[in-house]
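Hello,

Here is the structure I promised to pass on to you. Please have a look at it first, and then read my notes underneath.

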Amino acid sequence: MDLNVIIQLIVSGLALGFVYALVSIEYTIIYNSTGLLNFSHDKFIMIGAYVFAGQFIVSMGVEPWLAVIATILTMFIFGIVVAKGIFNPLRNMTSPIFAVMGTVFLGRILTELARLIWGATPFTVPGFLKGTFQIGEIVVTRVSLIIIVASILILAALQFLLKKTKIGKAMRCVQQNKTAAALMGINVSTNINLTIAISAIICAAIGIMVIPLFTIDLTIASMIGLKGFAAGVIGGFGYLPGAIVGGISIGILENLSTLIIPTLYKDCIAYGLLIIILLIRPSGLLGHKR
Amino acid sequence: MKHKNWNIVKRIGITLFILILCIFPLVDTNSYHHIILNQTLVNVVVVLGLNFITGLTGQMNLGTAGIMAFGAYSSALVSTKLGFPVLVGLLVAIVIGYLLGRVLGFPSLRLKGVYLSLTTIGFSEITRLIITNWTTLTGGTMGLQNIPSISLFGYVLDSSTKVYYFYLFIVIVLCFTASRIIKSKWGRVFKAIRDNIDAVEASGIDVAKTKILAFTLATILGCLGGAMYAHMMNYVNPTTFTQDLSANFLAMMMLGGIGTVPGNIIGSSMVTILPELLRFLENYYWLIFSIIALLFAIFLPNGIVSLFTGDRRLGRFWITKTKKGESSHE
Amino acid sequence: MSESILKIEGLTKRFAGLTAVNNLSLDMKERSIHSLIGPNGSGKTTTINMITGVFKQTEGEIHIQDVSTESKKTFQIARLGVGRTFQNLKLYDSMSALENLMIGGHELATMSLWRGIFDLKGSRREEKLLKDRAEYILNYIGLSETAQEKVKNLPYGKRKMIEFGRALMCFPKLLILDEPAAGLNPSERKQFVDIILKTFHEGIDIFLVEHNMDVVMNISTTITVLNFGVKIAEGTPKEIQNNEQVIKAYLGDRFKPIDV
């Protein structure tokens, strides 16, 4: 078998893997701080893509770099609003079923809003992050490289935020014990709002980065959303390094699997892996006991 | 004394309701309405099943679409490819449901909460991917066409009205059965597992077996519902059985009221029929419906049934706040 | 010498580095109220959890009436005739008092779900059986009037009593009580002690973990004292009260023996 093909598969798998990793981080931080699994997270990503491509690039013709900043700002505000209006009330529900329903319907509302505002016709952003590099015999797409670099930057920034800043420390405090955090003078609700806003920003980043990979439509993120869930569990649920390991291993394995099994079944890898891991090692690859 | 009167009122109410359902198609002959009613009946069957595992036992099952797909395709394949009568197909769906319950119930012994919901999502997605891609057996994205209608000993149910009466009969029987199970010791034990699993084990009850039992009820009814769907539409297609469908069934269960048969019926009807009633809103109808459902989830978490049983908690935010206040005083 | 109902030999439990219970042996005879006492964190609840199979022991053996619990799961141990209550109440909050008791008796009714669907008469008969038993127990613990009330609305003392009643539902031989008197006011406590004694006289052996010394000294036939997971003394209440080591480790210098 051609070694170059394998390396190319690994590189593009790594890029997708980072996308899954970001997806699982984006819902893990919400889960850690509110105890809710955000089933509308793929819709957040979709909204991010639409705000960037549909609103700023296509309708308003803004320069891409400016559009990125504008999208991030928009999504920050969006995150705060959603957190105040939906997540904080749902957090106090007696049964997790209600919270699941709440986020599912939030997702539907977002889909409908996107359809009403930007239309249901799929579209693309021509020329955005297109092109390839050639290193020796190996061809790497530009978007893969950008995803890998940008993801590492986002992860580093998040790590810095959580470990070094006061806000981040407060977030970790809220994750571990809300009552104690409140007694320490941390405003738990505000803190959760902020966490969700950060999650929304990561969603926006994912949405922007996957535009060259898929056509932009209302279900752009369904698949990566579900695989992101799988990634989180495979690595170790609720544990950020686990999310990264899980995401990357799914991305690479999935791409390499096309060498052996029909490409059509490539998508089964993530779920098959998920179920196997859950049955033999529910605490995930990194085995982080909580 | 009061109790007895109430029972009589309840019985009269149920009889009247069934009577209205029997007469309805004679009064309203619009066949589109009949199709929607049939759809509602199918949904009731599936929701009754989901209610056992998620509503009563509290095990988060988000794989209903996959379960239904199993039932729909198995019955459809038995009657198209193997040429058996449809009733055999329905029976096969029930048997498949029974086996599926054993298999799917197994992970629920080790996993709970989020893990279980993700496992069931995984199961559902794998099912969908397989029926999408195994083109030779399932027809791939084209789906299975020309699925025969149900025939009862030679009498073919070829119009939606005829199907309606048959399904209505099935649903009535199932509703009474489900209601009896809920009120029996089994229903109680399911609820007990949801409330406090450690105590259940300390009472000498085999929790593993009970959970699998609840799962099996869910999968049998889910598969039966799927098969009923296939023979009603005469056509199945993998794009029906997405994650959205699973979420819809959860919504039906929740909006009506968790754990009760009337709640399941109300919820299924509401989620199936309300969007049709809102069609006059044209482009906005699905948005409005979703907003209504979200508001229900936040403000009436115990479902519509709770309006009548007095179990509602409308001012819940306020209540949780005072509760917190109380505990800090203690 | 009477037979032993509960026999523990060399029981040890280690949680990652911490030895919660270390080489504990005790022999509980039939027709006795055996108390296990010790300061907080001395491994009492861990011991109970090992007896009932919630935790698996690291080493050692537990026999209930000569049946080893080695390979048995929690529910199988319960079926040997072991009822228990919990330190932090574990009730079914969404249900009424009567229903709570009926779940305790679930195993008395043996019909399978599938048969129950078709056998209308039989399932009604079983329901009646469970209900009668639950009503009998409610009457026994003096809470008949609360039958239809949701347990979450009941005061703490009654909730504790209901949990006790639930443990009685399946005709246990051995009843394990985890701090039954904790959180009760004096009159409730007296009621509880009375009902424990009444149950004992009806032929149910009682294994008691308790902090309240009045209760322990008054009703126990034998007492075992644990400290840091190690058994430091065993004997009658009188012997325990006068044991130097126990007084030092647990009861404290200021404790004066009470007259029994």
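Below is what I found, going from the chain contacts to the inside of chain B.

Please keep in mind that this is a predicted model.

**Between the chains**

Two pairs of chains are in contact, and the pair sharing the most contacts is A and B. Chain A and chain C are not joined by any contact; their closest C-alpha atoms are 12 Å apart.

Chain B also meets chain C, in a contact that takes 21 residues from chain B and 28 residues from chain C. On the chain C side, at least two residues each come from helix H2 (74-79), helix H3 (97-104), helix H4 (113-118) and helix H5 (120-140). If you sort the residues of chain C that touch chain B by class, you get twelve nonpolar, nine charged and seven polar.

**A helix pair in chain B**

You may like to look at helix H3 (residues 64-80) and helix H4 (residues 86-110) of chain B, whose axes cross at roughly 145 degrees and come within 8 Å. Their crossing is right-handed. H3(B) brings Ile67(B), Phe70(B), Gly71(B), Ser74(B), Ser75(B), Val78(B) and Ser79(B) to the contact, while the H4(B) residues include Val86(B), Val88(B), Gly89(B), Leu90(B) and Leu100(B). What classes of residue make up this contact of H3(B) with H4(B)? There are ten nonpolar and six polar residues, and no charged ones.

**A covered helix**

Further along chain B, helix H8 (residues 185-195) is mostly covered, with eleven of its eleven residues buried. Among the buried residues of H8(B) are Lys185(B), Arg188(B), Lys191(B), Arg194(B) and Asp195(B), along with Trp186(B) and Phe190(B).

**The two domains of chain B**

The domain assignment splits chain B into domain 1 (31-289) and domain 2 (300-330). Between the C-alpha centres of these two domains of chain B there are 31 Å. How many residues of each domain of chain B are in contact with the other? Domain 1 of chain B contributes ten and domain 2 of chain B five. On the domain 1 side, helix H11 (243-256) and helix H12 (261-277) of chain B each supply at least two residues. H12(B) gives the most to that side, with four residues. By class, the side of domain 1 of chain B that touches domain 2 of chain B has five nonpolar and five polar residues, with no charged ones.

Happy to talk any of this through.

Best wishes

Conventions: Residues numbered from 1 in each chain as written. Chains lettered and ligands numbered in written order. Predicted model: local features only at pLDDT ≥ 70, side-chain atom pairs only at ≥ 80, totals over all residues. Contact = placed C-beta atoms within 7 Å. Nonpolar A, V, L, I, M, F, W, Y, C, P; charged D, E, K, R; others polar. Axes fitted to C-alpha atoms, helices over the stretch in contact; angles between N-to-C directions. Left-handed = near helix turned anticlockwise from the far one by under 90°. Buried ≥ 20, exposed ≤ 12 C-beta atoms within 10 Å, placed from the backbone. Domains from an automatic or database assignment.
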